[in-house]
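Hello,

Please find the model below. My notes follow it.

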Amino acid sequence: CPPCCPPGRAAPCPRQRQAGPPSPRRNGARCCLRRSPATTSRPGRAPPCPAPLRCPRPYPASSSPAVLACSSFVLPSITVVTWNVGTAMPPNDVTSLLHLNTGETNDVDMIAIGLQEVNSKINKRLKDALFTDQWSELFMDVLSPFHFILVSTVRMQGVILLVFSKYYHLPFLQDIQTDCTRTGLGGYWGNKGGVSVRLSIFGHMVCFLNCHLPAHLEKAEQRKEDFATILHMQQFEGRVANGILDHDLVFWFGDLNFRIESLDICFVKYAIDSNVLNQLWEKDQLNIAKSTWPVLRGFQEGPLNFPPTFKFDVGTNKYDSSAKKRKPAWTDRILWKIKCPSSGLEAGGRRPSRGVLSVSQLCYCSHMEYTVSDHKPVAAIFAVQFASKVDKPPIEIYVADEWSRPEQAVVRYKMAVGFHRSSWDWIGLYRVGFRHPKDYVSYVWARSDDGERCLEKQLCAQVMFSEEALPKGNGEYILGYYSNTSSSIAGVTEPFQISLPRSDEGSSPTDSSGSSSEEDDSTLVLLAPKSRSPSPGKMKRHRSRSPSLAKFQGLILRPSSRDRGMSRSPSPQSRRGLPKDIPTIHVPQKEMGQAANSLEGRSFYQTVQEQGGPCCVSADSPLARADPRNLGLLPALRLEMIDQALGRRQENMDQGYYPCRRISPTSPPGSCTSPKEGCSP
């Protein structure tokens with residue numbers, strides 16, 4: 001990867017670099033605490049920025065006035081990653097792909113990850129519909145220690161887009177919307193198409209578009225038509241930026257499937273081995289299309305100084321050696337487009353220069369170390385510079401430096417003018433390193449009795465956490481105001497300390513010594529981002545991922561995923577069929593022995609023994625076919641005492657009734673063999 005700061009390019013502001021996860025204690029635009037510098041400063045910690053609501057990054061205390069003068073300009077860096085994973089399972093480590101532990105990540109504010117060909121078979125889609133997919137889990141697990149929070153995600157079959165941001169930028173990311181467009185099979189299938197996330201970043205509209213376009217060399221025109229269809233179909237709500245190209249900045253990336261024309265495979269491989277890649281650029285279909293297709297006018301891309309990323313033998317760095325011998329190509333690309341500034345004055349007589357932004361690509365490279373797919377992932381790092389249009393967050397939260405007693409858990413917040421308050425807004429308490437807005441420890445409804453009056457007169461409203469909702473022990477936490485109207489966090493605090501004595505009966509369900517999500521079930525709430533309530537239940541200790549089944553004595557069910565381990569991939573044993581030697585339903589020996597000793601139970605015992613043994617039902621019987629493991633459900637059962645059932649059976653036989661042939665709920669009705677109409681149920 002080329003150096004992220006090319007020679008001769010001065011960094012706009014000095015930044016402190018360090019390896020590993022950065023310290024969560026940061027000062028800047030996300031600071032929503034009413035603290036004096038003396039109170040905020042601690043040993044080894046820089047005092048607050050002189051302009052805390054205009055500078056989104058922390059600056060050293062020794063910064064010169066000239067450096068601080070640029071604090072009105074937002075200087076974020078954005079990392080974009082695209083990877084066609086080829087239905088593979090996630091690797092164990094993606095730190096190098098995301099440029100973690102390199103010093104660069106401390107300067108990165110946002111990360112957008114586009115995936116294609118994620119396994120979307122029916123069994124995987126059913127599982128992913130209930131739980132977060134394994135790729136999203138992996139990226140959240142890796143990025144959360146670096147204080148990246150999942151802002152938004154969208155999936156269309158195998159195409160996934162994830163957008164992460166540092167937690168202190170969350171209040172300045174508003175108007176978040178997603179959309180998707182299918183182009184496979186004439187628009188009816190989502191294996192090809194595009195997914196997008198659009199949002200306002202410090203008042204500037206930015207759109208991330210992840211596409212998977214048609215394959216093969218001869219489908220260049222089809223790729224052009226599909227991209228035009230995606231741009232036309234995707235429309236967003238709001239007064240500004242309704243279309244993708246209406247945004248101030250657009251990042252377009254994915255498996256775009258453009259190939260190398262005219263040149264044969266031998267020359268292409270020779271150019272790759274000889275590192276003369278520039279001889280292939282002019283024959284690249286996307287480079288040709290940028291100068292001939294009107295729909296691509298204005299899109300920019302960095303130089304292709306890395307080898308073609310398709311097609312490799314899985315598990316190696318060797319290009320396709322199969323019988324097809326596909327020609328290497330740069331199919332995985334990252335482009336961007338800046339909206340042309342409008343001429344004249346804006347509303348209010350302001351100059352349009354305030355809204356002009358610039359983008360510099362600092363890094364554009366592939367990662368050859370990942371071999372799980374026939375594609376290599378591609379990453380790019382951008383430096384985006386523009387003037388901030390938003391000076392304050394929608395919600396400013398005021399909290400004490402430390403909560404050492406339950407009565408100190410008082411939260412005061414102030415709403416900005418024009419903020420759309422909802423009675424379903426809530427304030428969440430998060431551990432430092434939380435993964436997404438609903439990965440909270442506890443919450444309290446932001447339902448102040450005088451909320452409307454506080455909003456109208458710009459006063460502070462107040463809520464309080466109950467003692468039961470507070471975590472016990474010592475730890476660092478963050479408060480965040482979640483807006484139900486915008487489905488995003490509208491205000492956050494700096495990390496503060498909670499030091500509460502532990503209970504004598506044991507650790508609390510929200511013990512701070514645990515991980516950020518007990519049983520890893522926090523991502524379950526991602527299934528309903530529009531849900532009004534933060535959670536279906538309040539402060540439950542164990543929230544199972546699957547519906548609980550009644551524990552019947554003698555009924556053997558397949559072990560749960562928790563019993564098999566916490567592997568991201570389904571266990572191979574889970575796909576096997578039922579062993580032939582395992583009885584379907586077990587009848588307790590003690591109860592069967594008691595039934596056999598009674599006069600009424602002899603015929604029943606003999607019947608069971610004839611069907612497969614004294615304590616089991618054979619796999620050929622209708623009752624075995626009704627086994628819950630075969631049906632995927634628990635059948636409807638009517639439970640009654642054995643003596644009662646056997647007594648009724650003996651009474652019917654004495655009166656001339658014969659046993660019904662239907663012995664299973666799955667048997668068709670009306671199949672009774674009794675000569676009389678009365679059949680036992």
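Leaving aside its neighbours within four places in sequence, which residues is Thr181 in contact with? They are Met156, Lys192, Gly193, Gly194, Ile230, Met233 and Gln234. Bear in mind that this is a predicted model.

Some more on Thr181. This residue sits in strand β6, which covers residues 173-184. Its relative accessible area is 6%. The cut-off for buried is under 20%, so Thr181 counts as buried. Gln234 deserves a second mention: its side chain makes a polar contact with the side chain of Thr181, at 3.3 Å.

Next, the backbone. Two residues other than glycine have a positive phi, Thr87 and Gln157.

- Thr87 has phi near 60°. Look for Thr87 in the loop between β2 (77-84) and β3 (110-116). Its relative accessibility is 45%. Partly exposed runs from the buried limit of 20% to the exposed limit of 50%, so Thr87 is partly exposed.
- Gln157 has phi near 55°. The loop that holds Gln157 runs between β4 (148-156) and β5 (159-166). Gln157 is buried because its relative accessible area, 17%, is under 20%.

Last, a cis peptide bond. The bond goes from Phe310 to Lys311, and its omega is near 0°. Lys311 belongs to the loop between α8 (285-292) and β10 (332-338).

Best wishes

Terms used:
Residues are numbered from 1 along each chain as its sequence is written. This is a predicted model: local features need pLDDT of at least 70, side-chain atom pairs count only at pLDDT 80 or more; totals for chains, interfaces and linings use all residues. Side-chain values use heavy atoms; hydrogens and water are left out. Helices (H or I, at least four residues) and strands (E, at least two) are DSSP runs, numbered from the N terminus. Buried means under 20% relative accessible area, exposed over 50%, partly exposed in between (1.4 Å probe, protein chains only). A polar contact is a pair of N or O atoms within 3.5 Å; within protein, one must be able to donate a hydrogen and the other to accept it, and residues adjacent in sequence count only if both atoms are side-chain atoms. Contact means heavy atoms within 4.5 Å.
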